[in-house]
Amino acid sequence: MLGKGLLQGLAVTAKNLVGSYHDPARYVTQEYPEVQPKLPEAYRNFPFLVSETADDPMGTLRCVACQICEKECPPQCIYIEKSKDKKPDANGKLQIYPAVFAIDTAVCMSCQICVEVCPFDAIKMDQEFAIAATDRFDGLLLNREQLAKPNAYYHQIHPTEASEVDARLAAERRAAEEKARLAAAAKAAAPKAAAPTAAAAPGVPAASASPGSIPPPGPPPSSS
Amino acid sequence: MTLLLAVLALVCLVPAVAAVLVRNLIHSALLFVLAWLGLAVFYLAVGAEFIAFAHALVYVGGVSMVVLFAVLLTRPGRVDPLPPPSTQRAIGGVAAVALVASMLGSSIFWTRLPSMEPIPMVSLRRLGELLAGPYLVALLLVGLILTVALIGGLLLAAPRRPSEGGDA
Amino acid sequence: MILAAAPASPADAWLERAPVLLRDALTGWLPDALRPWVAALLSIATILGVFGLLFAYMTLAERKILGRIQNRPGPNRTGPFGLLQPFADAIKALTKEDIVPRAADQVLHFLAPVVLVALSLIGLAVIPFGRNLVAVEMEASVLYFFAAGAATELAIFMAGWASRNKYSLLAAMRALAQLISYEVPLLLSVVPVIVVAGSLSTTDIVAAQGGWAAGLWPHWHALTPWGFSAFAVFMVAALAESNRSPFDLPEAESELIAGHLTEYSGFKYALFFMAEYLGMAALSAMAVTLFLGGWQAPLAVLEFIPSYAWFGVKLLLLLLGFIWIRATFPRLRIDQLTRLSWKFLVPLALVNLINGGVWAATADWTGAAAVVRWFISALGVVVPFIFLARSLSAGYGPRTYRYASP
Ligand code: SF4
Ligand code: SF4
């Protein structure tokens with residue numbers, strides 16, 4: 001019968017019209033600036049630099065300015081200058097740090113390659129999308145102060161990934177400590193093995209000589 | 001009243017003449033629409049409301065569309081590379097003017113002019129009664145002629161099938 | 001000119017007479033010679049103001065309703081509920097650059113939107129918006145309305161042709177084809193109303209629809225079988241005449257960019273939109289007048305509400321119907337469009353003409369004969385509808401979709 005389909009169509013749209021006023025399943029629009037979107041965990045756009053703590057971001061950057069990411073970045077939008085001096089990193093180990101670390105987000109294509117290649121888990125993908133700026137250089141060329149965000153923030157935006165990274169880092173650290181301890185133990189054992197000869201040396205007390213020559217035992221000094 | 005009629009005559013005649021003279025076919029069709037509109041207003045001015053609106057509806061709304069459609073759908077024919085010599089054109093012009101003048105002249109010169117006497121107001125109802133009464137046969141005949149013309153036009157325009165041996 | 005109030009009881013109510021009283025108060029102090037002129041100017045200004053505002057808020061309502069139908073809120077940033085949106089749009093249109101293509105026909109390109117808006121407006125002069133509220137009273141006002149409306153497509157043609165753009169030209173052709181096809185059913189569907197009411201004047205037609213059968217069933221034409229059929233044909237043809245979806249072929253944006261609007265910008269573009277909505281409003285107002293009883297109240301007890309309010313309500317309902325239809329149906333193809341008109345609407349309207357004639361001839365049948373009259377009329381609608389629908393949809397059965405197998 002001609003017209004049945006027309007009426008059915010009208011019924012569908014009428015149902016939508018009425019339903020959008022009382023049925024949240026039919027009315028799914030979120031009004032953006034007031035209601036911020038709940039981004040999925042896997043959402044990513046631009047990279048940021050992970051720092052261990054929030055109060056001293058520059059002092060606790062994980063980045064060691066190895067410049068791997070700079071070389072790998074396909075559109076070449078990362079610029080790094082190594083520092084001349086060394087600073088203790090989060091683990092208290094003396095490291096080079098990036099004196100300048102800049103990403104031109106106007107060029108970055110959000111490929112995440114920098115994240116994949118970084119051996120230190122120092123650079124991760126952010127979820128900040130409201131980046132509109134009136135000036136391409138002031139607003140979109142981010143320096144290291146703007147890029148640095150604490151690990152806690154990383155946990156906030158990518159919880160699963162962040163805990164994996166933390167677990168891995170902790171495991172690595174433990175392994176390193178273990179190794180250092182073993183190495184220390186081995187070193188400690190070595191002078192003992194050499195002790196008979198040393199003790200044989202005349203005029204040099206073995207006991208007084210050994211403390212000065214071996215490195216202090218135990219783990220390396222923990223984070224400052 | 002005379003002034004109004006003069007203005008209306010201008011409104012009708014100027015576009016009509018311009019329509020004949022302009023080169024652009026679409027322009028002349030639109031100018032004809034203007035002339036028809038002027039005619040409708042003229043009917044309105046002399047009190048023939050029904051004719052005025054029917055005229056506007058049929059000519060401005062209907063005939064103009066058909067004319068424009070025909071203009072748009074017709075392929076432009078070959079244009080003669082040389083216009084005919086001026087003497088020929090002059091003769092043609094004089095002949096055309098003479099023809100029109102002889103046709104219109106009789107009605108213009110032999111009609112008594114005092115048509116400004118009060119126009120009998122014919123109500124719409126009376127008009128309808130006249131059309132459906134004494135003039136019914138005429139009305140039906142006009143309709144018949146138009147229908148025949150329409151069918152004839154269709155037959156002429158319809159593409160002939162090859163089986164009928166046409167050369168179209 | 002607005003007529004003097006008739007001394008009927010609901011017509012005496014203060015609210016009912018308010019517009020007339022207001023006009024008299026405004027023009028009363030003028031010398032007699034000037035008064036009709038000022039009154040005419042006043043009615044023009046009122047129509048322009050009311051329908052201008054109606055246009056503004058129709059655009060907003062359309063966007064909001066379309067939004068709701070598509071499960072989104074529609075414009076809601078400018079002012080509360082987006083109520084200032086039309087004005088923002090107007091300012092934007094006014095401040096935009098007006099570009100005329102160099103190859104365009106300058107005069108026609110300029111004239112087209114002006115002519116279009118003017119033609120869409122003048123039809124409103126003969127609509128009786130309420131008891132005694134009609135700007136121009138004349139004997140052949142229905143004819144006048146359609147004569148004014150028929151020329152609108154001419155303006156669309158001018159716009160399309162003058163732009164010197166192939167898409168615009170295609171739109172112009174489509175507009176012409178559409179007009180030629182739909183002018184016929186539009187006029188044919190009106191004829192039975194004229195036959196039954198026995199008048200070409202809008203006020204008489206509205207007056208003929210007054211009163212109630214059995215005190216409940218209004219004598220509106222749309223509430224009789226032939227009238228309903230004519231109303232349906234009229235509304236479909238009106239959709240096509242006002243170039244509204246699903247008949248918006250001249251500006252089919254997915255095929256023709258924007259059709260005849262392609263080369264227009266700024267305020268001229270806005271004028272085209274204004275003309276579209278005004279034309280829609282004018283045709284709806286005509287439909288209300290011809291079929292839905294004009295300003296008559298649906299029930300006698302509701303007559304205390306002034307007549308112009310009833311007219312407004314009916315007009316708005318029809319306009320909402322236009323929006324609803326736009327939100328629902330996809331656009332037709334040009335062959336489907338002309339086919340629908342010539343093979344379905346025109347025959348239906350022709351049969352309905354006879355049907356209306358029979359109804360007019362049997363006007364004095366009462367009692368049981370009235371039931372027979374209704375039955376005959378209903379038969380005269382349903383039977384042709386079934387046959388025509390069958391022939392129209394022959395060969396257009398429901399499609400079966402076959403998907404490629406993996
Ligand atoms: S995400 Fe890709 S483009 Fe952006 S900085 Fe990292 S490597 Fe370069
Ligand atoms: S972010 Fe990672 S890869 Fe890049 S310089 Fe720093 S440590 Fe190296």
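Biologist: I'm new to this one, so let's start with a pair of chains. How many residues of chain C are in contact with chain A, and how many of chain A with chain C?

Modeller: Keep in mind as we go that this is a predicted model. On the chain C side there are 18 residues in contact, and they meet 18 residues of chain A.

Biologist: And how do I put a size on that?

Modeller: Interface size is often quoted as the accessible area that is lost when the parts come together. Here, chain C and chain A bury about 1,600 Å² between them, with carbon and sulfur atoms giving 65% of it.

Biologist: How many salt bridges does the rule find across the interface of chain C and chain A?

Modeller: The general idea first: side chains of opposite charge can pair when their charged atoms come close. Across this interface the rule finds two salt bridges. One to look up is C:Arg77 with A:Glu31, where the closest N and O atoms are 3.3 Å apart. As for polar contacts, ten residue pairs count between chain C and chain A, with both residues at pLDDT 80 or more.

Biologist: Which elements of chain C give two or more residues to the side that touches chain A?

Modeller: Those are α2 (35-69), α12 (307-328) and α14 (368-393) of chain C. Sorted by class, that side of chain C has twelve nonpolar, three polar and three charged residues.

Biologist: Now the other partner. What area is buried between chain C and chain B?

Modeller: About 2,100 Å², and carbon and sulfur atoms give 83% of that. The rule finds zero salt bridges across the interface of chain C and chain B, and one residue pair there counts as being in polar contact, both residues at pLDDT 80 or more. The elements of chain C that give two or more residues to this side are α5 (141-150), α6 (152-162) and α7 (166-197). Of these, α7(C) gives the most, with eight residues. The class count for the side of chain C that touches chain B is 21 nonpolar, one polar and four charged residues. In contact terms, 26 residues of chain C meet 23 residues of chain B.

Biologist: What is chain B itself made of, in helices and strands?

Modeller: Chain B has six helices and zero strands. Of its 168 residues, 15% are buried. Among contacts in chain B with a separation of 6 or more, 53% are between residues 24 or more positions apart.

Biologist: Let's go inside. Which residues have the most contacts within the largest nonpolar core?

Modeller: They are C:Phe51, C:Phe146, C:Phe234 and C:Leu290, in a core of 117 residues. Helix α11 (residues 266-291) of chain C supplies the largest share of this core, 15 residues. Try clicking on C:Leu290: leaving out residues up to four places away in sequence, C:Leu290 touches residues including C:Val142, C:Val190, C:Ile205 and C:Phe234. There is also a second, separate core of 23 residues, with A:Cys73, A:Leu142, A:Leu147 and A:Ala148 among them.

Biologist: Back to charges. How many salt bridges are there over all chains?

Modeller: The count comes to 19 by this rule. In chain A, the side chains of A:Asp126 and A:Lys149 meet at 2.6 Å, N to O. That pair links distant parts of the chain, 23 residues apart: A:Asp126 is in the loop between β6 (123-125) and α4 (136-140), and A:Lys149 is in strand β8 (residues 148-150).

Biologist: Is A:Asp126 buried or exposed?

Modeller: Buried counts as under 20% relative accessible area. A:Asp126 has 5%, so A:Asp126 is buried. Another chain A salt bridge joins A:Asp121 and A:Lys124 at 3.0 Å, N to O, and both of these residues are buried.

Biologist: What does the salt bridge of C:Arg331 and C:Asp248 tie together?

Modeller: Their side chains meet at 2.9 Å, N to O. C:Arg331 sits in the loop between α12 and α13 (334-361) of chain C, and C:Asp248 in the loop between α9 (225-241) and α10 (253-256), so the pair ties together parts 83 residues apart in sequence. C:Arg331 counts as partly exposed at 24% relative accessibility, while C:Asp248 counts as buried at 10%. Chain C also has a network in which salt bridges that share partners join C:Glu62, C:Arg244, C:Glu276 and C:Arg326.

Conventions. Residues numbered from 1 in each chain as written. Chains lettered and ligands numbered in written order. Predicted model: local features only at pLDDT ≥ 70, side-chain atom pairs only at ≥ 80, totals over all residues. Heavy atoms only, no water. Contact = heavy atoms within 4.5 Å. Buried area = accessible area lost by both parts, 1.4 Å probe. Salt bridge = Lys/Arg side-chain N within 4 Å of Asp/Glu carboxyl O. Polar contact = N/O pair within 3.5 Å; in protein donor to acceptor, adjacent residues only side chain to side chain. Helix = DSSP H or I, 4+ residues; strand = E, 2+ residues; numbered from the N terminus. Nonpolar A, V, L, I, M, F, W, Y, C, P; charged D, E, K, R; others polar. Core = buried A, V, L, I, M, F, W, Y, C linked by side-chain atoms within 4.5 Å. Buried < 20%, exposed > 50% of the residue type's maximum accessible area, 1.4 Å probe, protein only.
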